[in-house]
Amino acid sequence: AVGPKLFRYVVKVIMQSVQLLYTMLSIDQPSYILLQNPPGLPSIAVAWLACLFWRSKLIIDWHNYGYTIMSLTHGRYHPLVHIAKWYEKLFGRLSDYNLCVTDAMKEDLWVNCNIKAVTLYDKPASYFKETPLELQHHLYMKLAKDYQPFKPRYVSNAERSAFTERDEVHGRVIKPKGRPALLISSTSWTEDEDFSVLLKALEGYEWYVNQGVRLPPLVCVITGKGPLKDHYNRLINKLDFKHIQFCTPWLEAEDYPLLLGSADLGVCLHKSSSGLDLPMKVVDMFGCCLPVCAIHFKCLHELMKHDENGLIFSDAEELTEQLKMLFLGFPTLGSKLQTFRENLRESNKLRWDENWDQTVLPLLG
């Protein structure tokens with residue numbers, strides 16, 4: 001933390017380049033080096049140099065453009081953003097193979113960068129799946145030790161969480177009537193996700209409940225770490241909700257897919273910095289057969305089918321109406337949420353391993 005910010009940034013890039021190149025030249029000779037971009041500065045150039053040394057093939061997996069992410073902080077016209085854009089185009093062309101996450105990005109890479117890529121849609125790993133009721137109960141009881149929204153609303157002798165209880169007669173886990181609905185979102189708390197949209201939508205939801213609309217209480221869980229978490233926690237603490245509770249935990253890796261597989265609805269506020277990538281969190285939610293409400297951006301249709309596996313909204317008011325429609329009469333089995341879940345079960349055949357074998361292995365010969 002010494003000297004001007006630009007100087008510190010340059011020194012950081014140089015140090016990372018030396019460390020990364022040393023590490024890559026210390027490993028056994030690889031046939032291929034697979035690099036995800038972003039982050040690409042300095043990793044693309046370093047991986048290319050390592051490939052020259054090893055006579056290996058370089059594969060770049062384009063998930064977004066690093067310079068568009070930088071532009072969120074510095075602005076589109078900042079010199080660093082222009083340098084990063086030039087750098088990505090130059091070194092991107094030096095790769096042997098290229099993968100990308102959408103057809104829209106595939107077209108953009110070809111038209112604007114002269115890079116030929118193959119679309120490899122993200123697919124969920126096998127451990128993203130619906131969580132059995134017994135495991136749900138175990139997870140809720142575990143989280144109830146640390147987080148108030150998971151605790152039962154009233155004390156009893158039964159083994160109970162806010163969402164489940166164990167039948168004292170038969171020992172089976174059930175979901176009691178009158179339980180709250182569990183809404184989940186995950187984030188890295190960065191500028192490309194505006195959580196004020198969700199907070200404003202929930203204000204509208206609270207208003208509907210106060211007007212007597214038959215909606216369940218909500219527990220809204222937002223997972224993840226990031227630079228804007230404290231900012232949004234302060235906003236959440238100012239809200240005076242009677243029917244909505246918030247929880248912003250950092251989950252253990254094995255608990256995250258279990259919670260997705262236990263939730264009633266997912267919400268995605270990811271807005272791509274380039275408009276060309278897709279939110280991985282929605283892929284994971286779909287793997288757990290969890291219906292999603294997602295904010296609209298250019299190529300979201302390549303993943304989400306509106307009114308088939310979820311709903312797409314443009315602003316907070318539209319999200320409020322979608323929450324009202326989806327949770328009206330909750331937890332009725334014949335609801336829209338149940339229809340979306342059934343559709344996801346039908347379409348959830350292809351997983352990550354099979355997708356890789358079908359798309360990437362033929363590319364590598």
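**Cysteines**

I started with cysteine 247 in this predicted model. How far is its sulfur from the closest cysteine sulfur? I got 9.5 Å, and the partner is cysteine 220. That is too far for a bond. A disulfide needs the two sulfur atoms within 2.5 Å. I then checked whether cysteine 247 is buried or exposed. Its relative accessibility is 5%, so I logged cysteine 247 as buried.

Next I looked up cysteine 289. The nearest cysteine sulfur belongs to cysteine 288, 7.7 Å away, and cysteine 289 is in no disulfide. Cysteine 289 has 6% relative accessibility, so I put it down as buried. How many disulfides does the whole structure hold? My search returned zero.

**Glycine 92**

I moved to glycine 92. I found it in helix α4, which spans residues 79-92. Is glycine 92 buried or exposed? Its relative accessible area is 0%, so I noted it as buried. I listed what it touches, leaving out residues up to four places away in sequence. The list reads Ile44, Ile60, Trp62, Tyr87, Asn98 and Ile115. I also took the C-alpha to C-alpha distance from glycine 92 to serine 26, which came to 24 Å. In sequence, glycine 92 and serine 26 are 66 residues apart.

**Helices α1 and α2**

For packed helices I note the angle between the axes and the distance between them. Helix α1 covers residues 5-25 and helix α2 covers residues 43-54. Their axes lie 10 Å apart, at an angle of about 30°. Angles under 35 degrees count as roughly parallel, so I recorded α1 as roughly parallel to α2. The crossing of α1 and α2 is right-handed. On the α1 side, Ser17, Leu20, Leu21, Met24 and Leu25 make the contact. On the α2 side I found Ser43, Val46, Ala47, Leu49, Ala50, Phe53 and Trp54. I sorted the residues of this α1 and α2 contact by class: ten nonpolar, two polar and no charged.

**Helices α7 and α11**

My last pair was α7, residues 196-210, and α11, residues 316-327. Their axes come within 8 Å and cross at roughly 50°. I therefore entered α7 and α11 as oblique to each other. α7 passes α11 in a right-handed crossing. From α7, the contact uses Val197, Leu198, Lys200, Ala201, Leu202, Gly204, Tyr205 and Tyr208. From α11, I listed Ala316, Glu317, Leu319, Thr320, Glu321, Leu323, Lys324 and Phe327. Which classes meet where α7 contacts α11? I logged ten nonpolar, two polar and four charged residues.

Notes
Residues are numbered from 1 along each chain as its sequence is written. This is a predicted model: local features need pLDDT of at least 70, side-chain atom pairs count only at pLDDT 80 or more; totals for chains, interfaces and linings use all residues. Side-chain values use heavy atoms; hydrogens and water are left out. Axes are lines fitted to C-alpha atoms, for helices over the stretch in contact, and angles run from 0 to 180 degrees between N-to-C directions. Helices (H or I, at least four residues) and strands (E, at least two) are DSSP runs, numbered from the N terminus. Angles under 35 degrees count as roughly parallel, over 145 as roughly antiparallel, 65 to 115 as roughly perpendicular and the rest as oblique. A crossing is left-handed if the near helix is turned anticlockwise from the far one by less than a right angle, and right-handed if clockwise. Contact means heavy atoms within 4.5 Å. Ala, Val, Leu, Ile, Met, Phe, Trp, Tyr, Cys and Pro count as nonpolar, Asp, Glu, Lys and Arg as charged, and the others, Gly among them, as polar. Buried means under 20% relative accessible area, exposed over 50%, partly exposed in between (1.4 Å probe, protein chains only).
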